[in-house]
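Visitor: Hello! I am new to this structure, so could you walk me through it?
Guide: Happy to. Let us bring it up and begin with a pair of helices.

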Amino acid sequence: MNAIDLRSPGQERNTALDLLRAAITVLVVAHHAVLAYHPYAPPLGTFGGGDRSWGAFPVVDAHRWAGIDVFVGFNDTFFMSLMFFLSGLFVWHGLQRKRAAGFLRDRALRLGLPFLVSAVVLAPLAYVPAWLQRGGTGGPGGFLQAWSSLGMWPAGPAWFLWVLLVLDVLAALAWRIMPDRVEALGRSIAGRTPAVLFAWLAVIGVIAFVPLARIVDPSSWSTYGPFSVQTSRILLYAAFFAVGVAVGAWGIERSVLAAQGALGRRWVRWSNGAAAAYVLLVALFITLLVTNAKQQPVPGLETATLAAFAVSCAATSLAFLALFLRFARHRGAISASLVRNAYGIYLVHYAGVTWLQFALLDIDWPGAAKGMTVFFGALALSWATVSAVRRVPVVARVL
């Protein structure tokens with residue numbers, strides 16, 4: 001996830017946004033590291049049966065971490081949507097510099113090729129522990145047979161790359177047919193106050209998410225071969241990306257995202273707003289669970305809860321942007337290294353996470369100790385690995 005750095009070569013760096021992308025990558029590693037110890041992790045099930053919970057919970061440990069579900073739930077409300085927004089911010093500059101054909105060739109190299117490697121090599125490696133914990137036998141041949149019998153080809157966290165590539169194609173089309181309208185839209189969204197940007201993200205988030213989430217299970221995924229995406233959120237991700245593209249077209253440094261802009265100055269207000277929005281979401285969600293369990297549904301409560309999810313997503317995204325614009329103005333050696341290697345860390349961390357979780361299964365440690373060990377171990381391992389392979393020029397060009 002660039003944490004996916006999608007700027008074109010030569011584009012001026014934005015320290016705050018660089019560090020925010022890298023920080024979200026670290027959150028992704030932490031999110032995956034603690035899922036094995038989630039207090040409500042699903043039962044093991046089977047690897048090749050109809051139960052596909054192993055896709056999200058490859059390893060399930062008997063030792064749980066009480067309260068970690070709050071951290072996981074909080075991450076889940078915003079971090080992928082914000083990543084799509086950040087990725088969209090730098091698209092317009094790339095299109096102006098390289099034009100559509102050159103831009104898309106670059107995206108195919110930096111997104112398509114890593115997606116292919118992830119699907120063919122990294123994802124199967126990451127899911128071997130899931131197969132082993134669920135009784136897999138027969139060595140590599142047994143795993144390959146079980147993998148080929150799944151009827152799909154899970155790509156793990158690399159799903160983000162193919163979705164982003166499709167959105168980049170749509171952005172290139174918009175650049176060809178209505179560039180002036182996109183720039184004007186960006187001025188309307190981010191040329192005034194942070195509240196206007198929040199309103200845009202919140203309103204289109206509700207429109208993009210709520211109707212679809214009412215039709216399909218909000219937790220379900222659509223899959224075709226290695227291409228998968230959380231069904232209810234595909235329009236939400238597209239909406240955040242589109243807003244990011246428009247803001248980038250208008251110009252980051254003349255928008256509310258400017259380094260010395262209004263958003264960063266009002267970080268306290270947006271942090272409090274994000275906290276309040278998330279508390280409201282949790283309260284509505286718990287009420288929904290309780291009323292459904294009692295078979296006493298409240299009309300409109302489900303819709304309100306889904307809308308609160310979209311609003312919380314927008315509020316938390318603004319809060320993180322504000323915090324980093326206000327405080328992340330300088331990079332030291334460690335943070336600079338993290339920024340350089342964040343994309344690669346996102347691509348390779350999942351295998352480190354699952355194998356470390358698997359290695360700790362028989363160790364009698366509390367879930368919190370295991371979760372922290374997996375997080376720091378996987379982060380360090382993936383960071384060191386990517387830093388080493390990026391010494392190869394052709395790899396560095398992609399990562």
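Visitor: At what angle do α6 and α7 pack, and are they roughly parallel or roughly perpendicular?
Guide: Please keep in mind that this is a predicted model. The axes of α6 and α7 lie 7 Å apart, and the angle between the helices is about 115 degrees. Angles of 65 to 115 degrees count as roughly perpendicular. That makes the arrangement of α6 and α7 roughly perpendicular.

Visitor: Which residues of α6 and α7 make the contact?
Guide: Both helices contribute side by side in the list. From α6 come Leu185, Ser188 and Ile189. The residues from α7 are Val196, Leu197 and Trp200.

Visitor: Where is the kink in α7 centred?
Guide: Helix α7 covers residues 194-215, and its 32 Å reach is close to the 32 Å expected for its 22 residues. Still, α7 has a kink of about 25 degrees, and the residue at its centre is Val206.

Visitor: What do the buried residues of α7 pack against?
Guide: The buried residues of α7 include Leu201, Gly205 and Phe209. Their packing partners are α2, α6, α8, α9, α10 and α11.

Visitor: How far apart are the end C-alpha atoms of α3, and where is its kink centred?
Guide: Helix α3 has 43 residues, and a straight helix would reach 63 Å. The end C-alpha atoms of α3 are only 42 Å apart, short of that span. There is also a kink of about 115 degrees in α3, and its centre is Arg99.

Visitor: How does α5 compare with the reach expected of it?
Guide: Helix α5 runs over residues 159-177 and has 19 residues. At 1.5 Å a residue, 27 Å would be expected. The distance from its first C-alpha to its last is close to that, at 28 Å.

Visitor: Which residues have the most contacts inside the largest nonpolar core?
Guide: In soluble globular proteins, nonpolar side chains tend to be buried together. The largest core here has 113 residues, and the ones with the most contacts inside it are Phe85 and Leu257.

Visitor: Which helix gives the largest share of this core?
Guide: The share in question is 14 residues. They come from residues 301-327, which form helix α11.

Visitor: Which residues is Phe85 in contact with, leaving aside its neighbours within four places in sequence?
Guide: Contact here means heavy atoms within 4.5 Å. With those sequence neighbours left aside, the contacts of Phe85 are Leu201, Phe240, Phe241, Val243, Gly244, Leu257 and Leu321.

Definitions and conventions:
Residues numbered from 1 in each chain as written. Predicted model: local features only at pLDDT ≥ 70, side-chain atom pairs only at ≥ 80, totals over all residues. Heavy atoms only, no water. Helix = DSSP H or I, 4+ residues; strand = E, 2+ residues; numbered from the N terminus. Expected span 1.5 Å × (residues − 1). Core = buried A, V, L, I, M, F, W, Y, C linked by side-chain atoms within 4.5 Å. Buried < 20%, exposed > 50% of the residue type's maximum accessible area, 1.4 Å probe, protein only. Bend = angle between axes of the 7 residues up to and from the residue. Axes fitted to C-alpha atoms, helices over the stretch in contact; angles between N-to-C directions. Parallel < 35°, antiparallel > 145°, perpendicular 65-115°, else oblique.
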